[in-house]
Structure formats: C-alpha cells, structure tokens
Amino acid sequence: MLGVCLLACSALTGCDPFSDVRAGLNPSDRERFDRGLRAATPCWSCHDPTGDALKIGPPLRGLFGQTAGFVKGFPYSSEMRESPVEWDENTLDRFLANPQWLIPQNRMIFAPMTDARTRADLVFFMGVIYR
Ligand code: HEC
C-alpha cells in the first residue's frame, strides 16, 4: 500500500507541497527542514498546512510577523484574540514549549513540546514555509 502511494506521489507533481522550498535549501538545512516537517505532523490535524481552511485551529500561513489571533473569521478564544504576542521564532518556540504559559487560557489543546531541539527544528521548518 505504501509502495503504491509513493509511486503515485512520484508520478504526480504537487504531491509534496514543500518540494520547491526544500530544493532551495542546502543539505544540512534540508535535513533540519525534514525533521521539522516530521515534528509538525500532529499540527495538521487542526491546522491547514498551506491553505486557508479554518479547521479546529486557524490556518498558519503568513504566521511570522503577525499578532496572535490574526486570521479573520476564525472563532478564537478572547485570550488568543486579545493577546499582544507577535509571532516570531522566539514566541513560537515559547508557545510550543507550553501553549498555556505564553497565552494563558487559550483554547489550543496541545501537550507541551518539551524537547528543545525538536521545537527548534519545527520552528525552523515553519520559518521557511511561513516567512
Ligand atoms: C487539537 C488541535 C490543535 C493542534 C493539534 C494544534 N493546534 Fe495550534 N491552535 C489550535 C486552536 C484551536 C488554536 C486557537 C486557540 C484559541 O483561539 O485560543 C490554535 C492556535 C495556534 C497558533 C496561533 C495562531 C494565530 O492565529 O495567532 C499557533 C501559532 C499554533 N496554533 C501553532 C500550532 C503548532 C505549530 C502545532 C503543532 C505543533 C499546533 N498548533 C497544534 C488547535 C490546535
């Protein structure tokens, strides 16, 4: 089954939404990017990776440089909507380390990512795709 999927993927363009960005990275950044991509897998059950869909969470496209609660039409908690946090590498890292520390009472139900290196890879990956 996996073999069939991989075959179908390699035959179709656009199957990997990140192939273009990945191609522009040097080998060590590419490895880091792929580690971050793997670390981001659980995010996609609630966040649309590349589109504008409102899922359980808001789409994250264009995240960096925005103030928390920036997606129009998404039903944020008032804590997230009114938070002055501006998203950059540092705040995203702190948010993922414990979503409830940075923005108390926000509604993102996600366990703290305790491993600093995994967080750094994920933040690097998002920095590449969302800048
Ligand atoms: C169980 C669903 C769920 C998962 C899994 C999840 N999120 Fe969220 N996320 C949310 C919700 C819901 C919000 C909005 C929270 C609020 O309004 O209080 C949110 C908000 C955010 C925001 C703030 C966006 C903004 O508009 O300002 C960021 C950044 C974010 N999530 C990143 C992530 C990352 C990175 C991951 C994976 C490591 C992740 N989320 C996993 C549900 C989720």
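Start with the ligand: 28 residues surround it, and those that come nearest are Cys-43, Cys-46, His-47, Tyr-76 and Met-108. Keep in mind that this is a predicted model. The ligand takes up the space of the largest pocket. Away from the ligand, there are six salt bridges to look at in the structure, and three of the residues involved, Asp-16, Arg-22 and Asp-34, join up into one network.

**Who touches the ligand**

- His-47 is one of the residues that come nearest to the ligand, and a polar atom in the side chain of His-47 sits 2.8 Å from a ligand nitrogen.
- Tyr-76 is also on that list of nearest residues; an N or O atom in its side chain is 2.4 Å from an oxygen atom of the ligand.
- Gly-69 joins in with its backbone: an N or O atom there lies 2.8 Å from an oxygen atom of the ligand.

**What the shell around the ligand is made of**

- Sort the shell by class and you get 22 nonpolar residues, five polar ones and one charged one.
- Two helices to find in the model are H5 (89-97) and H7 (116-129), since each of them supplies at least two residues of the shell.
- Helix H5 gives the largest share, with three residues.

**Arg-22 and its two partners**

- Here's some background: side chains of opposite charge can pair when their charged atoms come close.
- Arg-22 makes a salt bridge with Asp-16, and their closest N and O atoms are 2.7 Å apart.
- Arg-22 also meets Asp-34 in a salt bridge, at 2.9 Å from N to O.
- That second pair links two helices: Asp-34 lies in H3 (residues 27-39) and Arg-22 in H2 (residues 19-23), so the bridge ties together parts that are twelve residues apart in sequence.
- Is Arg-22 buried or exposed? Arg-22 counts as buried because its relative accessible area is 16%, under the 20% cut-off.
- Asp-16 has a relative accessible area of 30%, so this residue is partly exposed.
- Asp-34 is partly exposed too, with a relative accessible area of 23%.

**Arg-35 and Asp-121**

- Another salt bridge joins Arg-35 to Asp-121, with 2.8 Å between the closest N and O atoms.
- Which helices does this pair connect? Arg-35 is in H3 and Asp-121 is in H7, so the bridge ties together parts that are 86 residues apart in sequence.
- Helix H7 has come up before: this helix also supplies at least two residues of the shell around the ligand.
- Asp-121 is buried, with a relative accessible area of 6%.
- Arg-35, at 26% relative accessibility, counts as partly exposed.

**A look at Trp-101**

- You'll find Trp-101 in helix H6 (residues 99-102).
- Buried or exposed: which word fits Trp-101? Trp-101 counts as exposed because its relative accessibility is 65%, over the 50% cut-off.
- Pro-112 is eleven residues away from Trp-101 in sequence, and their C-alpha atoms are 9.7 Å apart in space.

Note on methods
Residues numbered from 1 in each chain as written. Predicted model: local features only at pLDDT ≥ 70, side-chain atom pairs only at ≥ 80, totals over all residues. Heavy atoms only, no water. Near = heavy atom within 4 Å. Polar contact = N/O pair within 3.5 Å; in protein donor to acceptor, adjacent residues only side chain to side chain. 1 Å grid on protein atoms, 1.4 Å probe; cavity = no way out; pocket = protein on both sides within 12 Å on 5 of 7 lines; lining within 4 Å. Sits in = over half its atoms within 2 Å of the grid points. Helix = DSSP H or I, 4+ residues; strand = E, 2+ residues; numbered from the N terminus. Nonpolar A, V, L, I, M, F, W, Y, C, P; charged D, E, K, R; others polar. Salt bridge = Lys/Arg side-chain N within 4 Å of Asp/Glu carboxyl O. Buried < 20%, exposed > 50% of the residue type's maximum accessible area, 1.4 Å probe, protein only.
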